[in-house]
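Trainee: I've just opened this one and would like to know what stands behind the words people use for it. Can we go through it together?

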Amino acid sequence: MPLIRVADEVWIAAALLHRRYPDREDFAVGEIVRRAAEERVTGAAAVRPGVQSHAYLHCVANRPPNPGRYRMLVETSKGRRRLFRPGDPCHPLRAAGKAVPEPRAVPAPYRGLIDWYRRDYAGAPAAEADPILALRGAGRAPAGGDPDAWLARLRRGAP
């Protein structure tokens, strides 16, 4: 089996957990590490030492980089992570960091996870859940209408 980056191994483990438990929002770091150990993506008998530190810090978008700038996971609360989605909070120094493994850098059996992520998981931007961003466009007048006339109708109680 090809040797892959530890960050990609962590991403694969987290993606497998999300696919297996689609109703769960996040996972404990220990669950991600155990899933990586069970999966044995590299073929090694034991999980590589860097998997835990990557799941805890190096891959986490909303934590300061130390030293990696990956943004593959998001810390949802202390000790809990989920896959990063476009629009998630991100430390400014990680803004250009890698969020998804390169397909050719991942063993063939796991490449479908990248398609699943882009199509199903990351397709709904997490930023829309932000109540401030959800107000986008709320102050606009109805399409094609005069805003003053629309406001006057509203004040009269007319639709």
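**The sheet and its edges**

Mentor: Sure, and keep in mind that this is a predicted model. Let's start with the sheet: three strands make it up, ordered β1-β3-β2, with antiparallel pairing, and the sheet is open.

Trainee: What makes β1 and β2 edge strands?

Mentor: Count partners. β1 (27-28) and β2 each have a single partner strand, so one side of each has no neighbour in the sheet.

Trainee: How do you know that β1 and β3 pair?

Mentor: Pairing takes at least two bridges between the strands. β1 and β3 have two bridges, in the antiparallel sense, so they count as paired. Ala28, for instance, has Arg80 in β3 as its bridge partner.

Trainee: And where do the strands sit along the chain?

Mentor: The pattern reads α-β-α-α-β-β-α-α, which gives five helices and three strands.

**Two helices that meet**

Trainee: How do you know that α2 and α3 meet?

Mentor: Contact means heavy atoms within 4.5 Å. By that rule, Val29, Ile32, Val33 and Ala36 in α2 meet Val51, Gln52, Ala55 and Tyr56 in α3. Those residues divide into seven nonpolar, one polar and no charged. As for the geometry, the axes of α2 (residues 29-39) and α3 (residues 50-58) come within 9 Å and cross at roughly 145°, and the crossing is right-handed.

Trainee: Which residues of α3 are buried?

Mentor: Val51, His54, Ala55, Leu57 and His58 are. To be called buried, a residue needs a relative accessible area under 20%. The cover over the buried residues of α3 includes α1 (6-20), α2, β2 (73-77) and β3 (80-83). Across the protein, buried residues make up 40% of the 159 residues.

**A proline in a loop**

Trainee: Why is Pro103 called partly exposed?

Mentor: Set the value against the limits: buried is under 20%, exposed is over 50%, and partly exposed lies in between. Pro103 has a relative accessible area of 30%, so partly exposed is the right label.

Trainee: Where is Pro103, and what is it in contact with?

Mentor: Pro103 lies in the loop between β3 and α4 (111-121). Setting aside neighbours within four places in sequence, its contacts are Arg111 and Ile114. Pro103 and Ile114 are 11 residues apart in sequence, and their C-alpha atoms are 7.1 Å apart in space.

Trainee: What share of the contacts joins residues 24 or more positions apart?

Mentor: Such pairs account for 60% of the protein's contacts with a separation of 6 or more.

Terms used
Residues numbered from 1 in each chain as written. Predicted model: local features only at pLDDT ≥ 70, side-chain atom pairs only at ≥ 80, totals over all residues. Heavy atoms only, no water. Helix = DSSP H or I, 4+ residues; strand = E, 2+ residues; numbered from the N terminus. Buried < 20%, exposed > 50% of the residue type's maximum accessible area, 1.4 Å probe, protein only. Axes fitted to C-alpha atoms, helices over the stretch in contact; angles between N-to-C directions. Left-handed = near helix turned anticlockwise from the far one by under 90°. Nonpolar A, V, L, I, M, F, W, Y, C, P; charged D, E, K, R; others polar.
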